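Me: I am new to this structure and would like to go through it step by step, with the reasoning behind each reply. Here is what I am looking at.

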Amino acid sequence: MASFIKPCILHCFLRTGRQIRQRKTRETPIFWRSYTCDGDKKVPKIYTKTGDKGFSSTFTGERRPKEDHIFEALGNTDELSAAIGLAREFCLEKGHTFTHQLDKIQCVLQDVGSNIATPLSSARESHLTRTKFTATAIADLEGWIDTLTEELPPLTNFILPSGGKSSTALHVARTVCRRAERSVAPIVRSGEADPDVARFLNRLSDYLFTVARYAALKENNKEKIYKRPE
């Protein structure tokens with residue numbers, strides 16, 4: 001079970017997120033986080049044994065089978081963050097200036113997971129207040145896409161995943177993003193998650209495609225153009 005859907009640890013992520021937002025104007029980035037919970041000075045173990053029988057808990061306390069659509073979406077979102085993290089490492093090695101955008105996206109994906117892990121049908125007002133997802137992150141993606149696109153050559157052909165390690169890794173993240181979006185779509189349609197979560201993932205795949213092309217351009221790597229096999 002992904003760590004952010006364990007109620008105790010999710011609470012810590014949410015609280016730490018508030019601390020980061022409150023201090024985001026400071027010049028020094030915050031890289032620490034607390035894994036302890038309010039009123040409990042003990043550090044929780046990474047294993048809880050509560051999922052040994054094939055069930056996991058949502059943030060609202062529901063026990064559902066691990067193959068439930070909510071946990072499928074959470075797993076895909078977690079995998080997406082890992083894929084972006086790997087791509088980010090390649091981009092850092094090449095000195096790309098957009099890596100701070102990838103940092104923010106990974107943090108937003110934690111918020112996406114929190115929203116998915118809080119089905120509206122069983123959520124109380126206290127749950128909703130702490131896991132509400134806003135459209136601000138979508139506007140950020142759109143602004144980044146527009147800025148990057150201004151430097152890119154017009155897209156006149158189908159582009160295959162290529163253009164160096166940074167670019168190709170970002171393309172891999174894009175495909176994982178599409179899968180995450182597909183798994184979130186039915187949850188949103190059923191009214192169990194915020195529609196802006198689906199919108200964010202949809203826009204994120206566009207961003208990852210654009211930034212993959214941008215990485216290839218800045219590294220002077222040629223993108224591979226689709227040609228019908230003869």
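Me: Which residues touch the most other members of the largest nonpolar core?

Reply: The model is a predicted one, and its largest nonpolar core holds 46 residues. Helices α2 (69–93), α3 (99–116), α5 (136–149), α6 (165–189) and α7 each supply at least two residues of this core. The members that touch the most others are L80, L170, F200, L204, Y207 and L208.

Me: Which element supplies the largest share of this core, and how many residues come from there?

Reply: In soluble globular proteins, nonpolar side chains tend to be buried together. Helix α7 is mostly covered, with 17 of its 24 residues buried. The largest share of the core comes from this helix, α7, with 11 residues.

Me: What is the overall order of elements in the chain, from the N terminus on?

Reply: The chain has 7 helices and 4 strands, and 45% of its 230 residues count as buried. Among contacts between residues at least 6 apart in sequence, 73% join residues at least 24 apart. Read from the N terminus on, the elements run α-β-β-α-α-α-α-β-α-α-β.

Me: How far does helix α7 reach from its first C-alpha to its last?

Reply: Helix α7 covers residues 195–218, which makes 24 residues. At 1.5 Å a residue, the expected span is 34 Å, and the value computed from the model is close to that. From its first C-alpha to its last, α7 reaches 35 Å.

Me: At the start of α7, which residue has a side-chain oxygen that reaches to the backbone nitrogen of D196?

Reply: D196 lies in helix α7, and at 15% relative accessibility it counts as buried, because the cut-off for buried is under 20%. Leaving aside neighbours within four places in sequence, D196 is in contact with F133, T134, A135 and I138. The side-chain oxygen that comes to within 2.8 Å of its backbone nitrogen, at the start of the helix, belongs to D194.

Me: What is the phi of N220, the residue that follows α7?

Reply: N220 is found in the loop between α7 and β4 (224–225), and it counts as exposed because its relative accessibility is 71%, where exposed means over 50%. Most residues other than glycine have a negative phi. In N220, a residue other than glycine, phi is instead positive, with a value near 60°.

Me: Which residues is F200 in contact with, leaving aside its neighbours within four places in sequence?

Reply: F200 is one of the residues that touch the most other members of the largest nonpolar core, and F200 also helps to line the largest cavity. Once its neighbours within four places in sequence are left aside, the residues in contact with F200 are V108, L109, V112, F133, A137, I138 and L141.

Me: Which helix gives the most to the lining of the largest cavity, and with how many residues?

Reply: A search of the whole structure finds 1 cavity of 30 Å³ or more, and about 30 Å³ of space lies in the largest cavity. Its lining consists of K104, I105, V108, A137, D140, L141, W144 and F200. Both α3 and α5 supply at least two of the lining residues, and the helix that gives the most is α5, with 4 residues.

Me: Is T99 buried or exposed?

Reply: T99 is found in helix α3, where the buried residues include I105, V108 and L109. Not counting residues up to four places away in sequence, T99 touches R88, C91 and L92. Its relative accessible area is 10%, and because the cut-off is under 20%, T99 counts as buried.

Me: How far apart in space are E181 and V197, C-alpha to C-alpha?

Reply: E181 is found in helix α6 and is buried, with a relative accessible area of 17%. Leaving aside neighbours within four places in sequence, E181 is in contact with A198, L201, N202 and S205. E181 and V197 are 16 residues apart in sequence, and their C-alpha to C-alpha distance in space is 8.7 Å.

Definitions and conventions
Residues are numbered from 1 along each chain as its sequence is written. This is a predicted model: local features need pLDDT of at least 70, side-chain atom pairs count only at pLDDT 80 or more; totals for chains, interfaces and linings use all residues. Side-chain values use heavy atoms; hydrogens and water are left out. The expected span of a helix is 1.5 Å times one less than its number of residues. Buried means under 20% relative accessible area, exposed over 50%, partly exposed in between (1.4 Å probe, protein chains only). A polar contact is a pair of N or O atoms within 3.5 Å; within protein, one must be able to donate a hydrogen and the other to accept it, and residues adjacent in sequence count only if both atoms are side-chain atoms. A nonpolar core is a set of buried Ala, Val, Leu, Ile, Met, Phe, Trp, Tyr and Cys residues joined through side-chain atoms within 4.5 Å. Contact means heavy atoms within 4.5 Å. On a 1 Å grid over the protein atoms alone, a cavity is a set of points where a 1.4 Å probe fits but cannot get out, and a pocket is an open set with protein on both sides within 12 Å along at least five of seven lines; lining residues have an atom within 4 Å of a point. Grid points are joined across faces, edges and corners, and a volume is the space filled by probe spheres set on the points.
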